[in-house]
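Here is a walk through one chain, from its overall build to single residues. Keep the sequence and the 3D view side by side as you read.

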Amino acid sequence: MDQAFVFILRIILMGGGGYLIGRNRKIGGGWSFAIGAILGLIGWIIILCSKKNNKPEFDDMSSTGGQQ
């Protein structure tokens with residue numbers, strides 16, 4: 001019983017960590033959770049090798065006060 005609890009806890013923690021790492025990457029949160037849960041630390045390394053999403057660039061509106 002203890003081994004099953006540890007196994008389930010490991011899957012949740014490693015998958016959750018994978019999700020947190022991969023949610024802003026091209027691989028996505030769902031796949032990152034699965035890879036982290038199945039492969040553990042090696043999965044985290046794979047997720048870290050995935051490219052980051054491009055964040056949109058915002059224009060500086062402070063000089064116009066937000067008015068056009």
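Start beyond the helices, at Ser50, which sits in the segment after helix 3 (41-49). The model is a predicted one. Ser50 is buried, because its relative accessible area is 16%, and the cut-off for burial is under 20%. What does Ser50 touch, leaving aside its neighbours within four places in sequence? Its partners are Arg25, Lys26 and Ile27.

Follow that last partner. Ile27 belongs to the loop between helix 1 and helix 2. Its relative accessible area is 24%, so Ile27 counts as partly exposed. Not counting residues up to four places away in sequence, Ile27 touches Gly22, Ser32, Ile35, Ile47 and Ser50. Gly22 is in helix 1 (residues 2-22), and Ser32 is in helix 2 (residues 29-39). Ile47 is in helix 3. The C-alpha atoms of Ile27 and Cys49 are 9.8 Å apart, with their positions 22 residues apart in sequence.

Now take the whole chain. It has three helices and zero strands. Along the sequence the pattern reads α-α-α. Of the 68 residues, 24% are buried. The accessible surface is about 5,700 Å². Carbon and sulfur atoms hold 64% of that surface. Consider the contacts with a separation of 6 or more: residues 24 or more positions apart account for 46% of them.

Each pair of helices can be taken in turn. Begin with helix 1 and helix 2. Their axes come within 7 Å and cross at roughly 140 degrees. Helix 1 and helix 2 are therefore oblique to each other. The crossing is right-handed. Helix 1 brings Arg10, Ile11, Ile12, Met14, Gly15, Gly16, Gly18, Tyr19 and Gly22 to the contact. Helix 2 answers with Gly29, Ser32, Phe33, Gly36, Ala37, Ile38 and Leu39. By class, this contact has eight nonpolar, seven polar and one charged residues.

Arg10 deserves a closer look. Arg10 lies in helix 1. It is partly exposed, with a relative accessible area of 35%. Leaving aside neighbours within four places in sequence, Arg10 is in contact with Gly15, Ala37, Ile38, Leu39 and Gly40. How far apart in space are the C-alpha atoms of Arg10 and Gly40, 30 residues apart along the chain? They are separated by 8.5 Å. Gly40 comes just after helix 2 and takes a positive phi of about 70 degrees.

Beyond Gly40 comes the next pair. The axes of helix 2 and helix 3 come within 6 Å and cross at roughly 145 degrees. From helix 2, the contact uses Ser32, Ile35, Gly36 and Leu39. From helix 3, it uses Leu41, Ile42, Gly43, Trp44, Ile46 and Ile47. The classes here are seven nonpolar, three polar and no charged residues.

Which residues of helix 2 are buried? They are Gly29, Ser32, Ile35, Gly36 and Ala37. The buried residues of helix 2 pack against helix 1 and helix 3. Ser32 and Gly36 take part in the contact with helix 1, and both also take part in the contact with helix 3.

The last pair is helix 1 and helix 3. Their axes come within 10 Å and cross at roughly 10 degrees. Helix 1 and helix 3 are therefore roughly parallel to each other. An angle under 35 degrees earns that label. On the helix 1 side, the meeting residues are Leu13, Met14, Gly17, Gly18, Ile21 and Gly22. On the helix 3 side, they are Leu41, Trp44, Ile47 and Leu48. This contact divides into seven nonpolar, three polar and no charged residues.

Finish with Gly17, in helix 1. Is Gly17 buried or exposed? It is buried, with a relative accessible area of 16%. Gly17 and Leu41 are 24 residues apart along the chain, and their C-alpha atoms are separated by 9.6 Å. Both residues belong to the contact of helix 1 with helix 3.

Methods. Residues numbered from 1 in each chain as written. Predicted model: local features only at pLDDT ≥ 70, side-chain atom pairs only at ≥ 80, totals over all residues. Heavy atoms only, no water. Axes fitted to C-alpha atoms, helices over the stretch in contact; angles between N-to-C directions. Helix = DSSP H or I, 4+ residues; strand = E, 2+ residues; numbered from the N terminus. Parallel < 35°, antiparallel > 145°, perpendicular 65-115°, else oblique. Left-handed = near helix turned anticlockwise from the far one by under 90°. Contact = heavy atoms within 4.5 Å. Nonpolar A, V, L, I, M, F, W, Y, C, P; charged D, E, K, R; others polar. Buried < 20%, exposed > 50% of the residue type's maximum accessible area, 1.4 Å probe, protein only. Areas by Shrake-Rupley, 256 points an atom, 1.4 Å probe, with all protein chains shown as cover.
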